[in-house]
Every structure is written in C-alpha cells, then in structure tokens.
Amino acid sequence: MKEIQAAIRSIIVNDLFCEIPESEIGVDDGLRDVLALDSLGFLELRVICEQQFDIEISEDDFSPENFTSIRSISDLVLRLRETQLETT
C-alpha cells in the first residue's frame, strides 16, 4: 500500500507538475482542493495509473469518490488488482 501511495505521489509531482513537494503531500489531501488538479489532470492521472499499475479503470470506477485523495486512488488500485487476479 505504501509503495502504491508513494508512486501516486510521484506521478502527481513529476508527471502532473504539482508544485507542492512530495514530502508535503499527505495521503488524505484533496486532489482538487489542496493539490489543484483540474479535469485534464484527473484524466492524465487515470491514464498514468492504468499504465503504471497495469490495471483498467472503468468509467464507473473513474468517479470523484475514487479520485479524492492518494489514499482513495491506492484503495482503487488494490481493489482492481485483486479483481484482475481473480479473473485470470
């Protein structure tokens, strides 16, 4: 879980160019309110997470509830990984 959260934090800073240092981003900080991600940022985050974690995020899973914070995204990644392992 910590590795996934660290990877998501790194994506936000390095790929989405968030100006807050990684060390200052909390797992429960709001992606929209605190980190100022916009609609395009959320789409980019979805695509990068799909590529980096080898998952597919459906339209249903691409919801505000699942993309509120680093913690909510890491929970989604874990759930999708488990689901994909069960189906293979």
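In the predicted model, arginine 81 is in contact with Ile4, Phe53 and Ile55, once its neighbours within four places in sequence are left aside. Arginine 81 is found in helix α3, and its relative accessible area of 34% places arginine 81 in the partly exposed class. Of these partners, Ile4 belongs to the buried residues of α1, and Phe53 is listed among the buried residues of α2. A further residue of α2, isoleucine 48, is 33 residues from arginine 81 in sequence, and the two C-alpha atoms are 15 Å apart in space.

Glutamine 84 is likewise placed in helix α3 and is partly exposed, with a relative accessible area of 28%. When residues up to four places away in sequence are not counted, glutamine 84 touches Asp54, Ile55 and Glu56, and Ile55 is also one of the contacts of arginine 81. Between glutamine 84 and isoleucine 12, which are 72 residues apart along the chain, the C-alpha separation is 25 Å. Serine 72 also lies in helix α3, which comprises residues 70–87. Because its relative accessibility is 13%, and the limit for a buried residue is under 20%, serine 72 counts as buried. Its contacts, with residues up to four places away in sequence not counted, are Glu65, Asn66 and Phe67.

The other two helices were examined for their length and for the residues they bury. Helix α1 has 14 residues, which should span 20 Å at 1.5 Å a residue, and the distance of 19 Å between its end C-alpha atoms agrees with that expectation. Its buried residues are Ile4, Gln5, Ala7, Ile8, Arg9, Ile11, Ile12 and Val13, and these pack against α2 and α3. Helix α2, formed by residues 39–53, has 15 residues and reaches 21 Å from its first C-alpha to its last, close to the 21 Å expected at 1.5 Å a residue. The residues buried in α2 are Gly41, Phe42, Leu45, Arg46, Ile48, Cys49 and Phe53, and what covers them includes α1, residues 2–15, together with α3.

Backbone angles were then considered outside the helices. Most residues other than glycine have a negative phi. Against that background, α1 is followed by phenylalanine 17, whose phi is positive and near 60°. Alanine 36, placed in the loop between α1 and α2, also has a phi near 60°, a positive value in a residue other than glycine. Alanine 36 counts as exposed, because its relative accessibility of 58% lies over the 50% limit. Just after α2, aspartate 54 takes a positive phi of about 55°. Aspartate 54 lies in the loop between α2 and α3 and is exposed, with a relative accessible area of 64%; this aspartate is also among the residues that glutamine 84 touches.

The cysteines were examined for possible disulfides, for which the two sulfur atoms must be within 2.5 Å. The sulfur of cysteine 18 has its closest cysteine sulfur in cysteine 49, at 14 Å, and is therefore too far away for a bond. Taken from the other side, the closest cysteine sulfur to that of cysteine 49 is in cysteine 18, again 14 Å away and too far for a bond. The count of disulfides accordingly comes to zero. Cysteine 18 is buried at 12% relative accessibility, and cysteine 49 is buried with a relative accessible area of 0%.

The largest pocket has a volume of about 220 Å³. Its lining is made up of Gly30, Leu31, Arg32, Asp33, Ser39, Phe42, Phe62, Ser63, Pro64, Phe67 and Thr68. By class, this lining has five nonpolar, four polar and two charged residues. Phe42, one of the lining residues, is buried in α2, while Phe67, another residue of the lining, is in contact with serine 72.

How values were computed. Residues numbered from 1 in each chain as written. Predicted model: local features only at pLDDT ≥ 70, side-chain atom pairs only at ≥ 80, totals over all residues. Heavy atoms only, no water. 1 Å grid on protein atoms, 1.4 Å probe; cavity = no way out; pocket = protein on both sides within 12 Å on 5 of 7 lines; lining within 4 Å. Points joined across faces, edges and corners; volume = space filled by probe spheres on them. Nonpolar A, V, L, I, M, F, W, Y, C, P; charged D, E, K, R; others polar. Helix = DSSP H or I, 4+ residues; strand = E, 2+ residues; numbered from the N terminus. Buried < 20%, exposed > 50% of the residue type's maximum accessible area, 1.4 Å probe, protein only. Contact = heavy atoms within 4.5 Å. Expected span 1.5 Å × (residues − 1).
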